[in-house]
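Colleague: Got a minute to go through this one with me? I'd like to know what stands behind the labels.

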Amino acid sequence: LYNYSYCTESVNITAVPIYYLEPNNRIAIKDENTKVDGEYIVSRISLPLTYNGTMQITATKAAVRLY
């Protein structure tokens with residue numbers, strides 16, 4: 001249901017690995033540079049196999065309230 005609540009508002013993040021993060025988790029994002037603010041549902045994660053790599057997170061905007 002969350003995938004269809006907002007049209008196509010999604011975000012891609014490159015960050016240091018967060019190993020406890022899993023798909024379908026709800027995360028809060030606030031970034032002043034890109035004007036991204038709100039709660040998102042993690043849809044895809046790409047974790048590196050090297051010790052100094054970065055992970056890729058793809059998340060979709062979560063609805064505030066679903067009726």
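Modeller: Sure, let's take the labels one at a time, bearing in mind that this is a predicted model.

Colleague: What makes the chain β-β-β-β from the N terminus on?

Modeller: The secondary structure comes to zero helices and four strands, and a strand needs a DSSP run of E over at least two residues. Strand E4, for one, covers residues 55-61, so that run meets the requirement of at least two.

Colleague: Why are E1 and E2 called edge strands?

Modeller: The four strands form an open, antiparallel sheet in the order E1-E4-E3-E2. Strand E1 (10-15) and strand E2 (26-31) each pair on one side only. On average, neighbouring strands of this sheet are turned by 45 degrees against each other, direction ignored.

Colleague: How do you know that E2 and E3 pair?

Modeller: Two strands count as paired if DSSP finds at least two bridges between them. E2 and strand E3 (residues 36-46) have six bridges, in the antiparallel sense, so they pass. Across from lysine 30 you'll find aspartate 37 in E3.

Colleague: Why is threonine 60 called buried?

Modeller: Buried means under 20% relative accessible area. Threonine 60 has 17% relative accessibility, so it counts as buried. This residue lies in strand E4 and, leaving aside residues up to four places away in sequence, touches Glu9, Ser10, Tyr40, Ile41 and Ser43.

Colleague: And what share of the chain counts as buried?

Modeller: 27% of the 67 residues. The chain exposes about 5400 Å², with carbon and sulfur atoms supplying 52% of that area.

Notes: Residues are numbered from 1 along each chain as its sequence is written. This is a predicted model: local features need pLDDT of at least 70, side-chain atom pairs count only at pLDDT 80 or more; totals for chains, interfaces and linings use all residues. Side-chain values use heavy atoms; hydrogens and water are left out. Axes are lines fitted to C-alpha atoms, for helices over the stretch in contact, and angles run from 0 to 180 degrees between N-to-C directions. Buried means under 20% relative accessible area, exposed over 50%, partly exposed in between (1.4 Å probe, protein chains only). Contact means heavy atoms within 4.5 Å. Accessible areas come from the Shrake-Rupley method with a 1.4 Å probe; for residues, only the protein chains shown count as cover.
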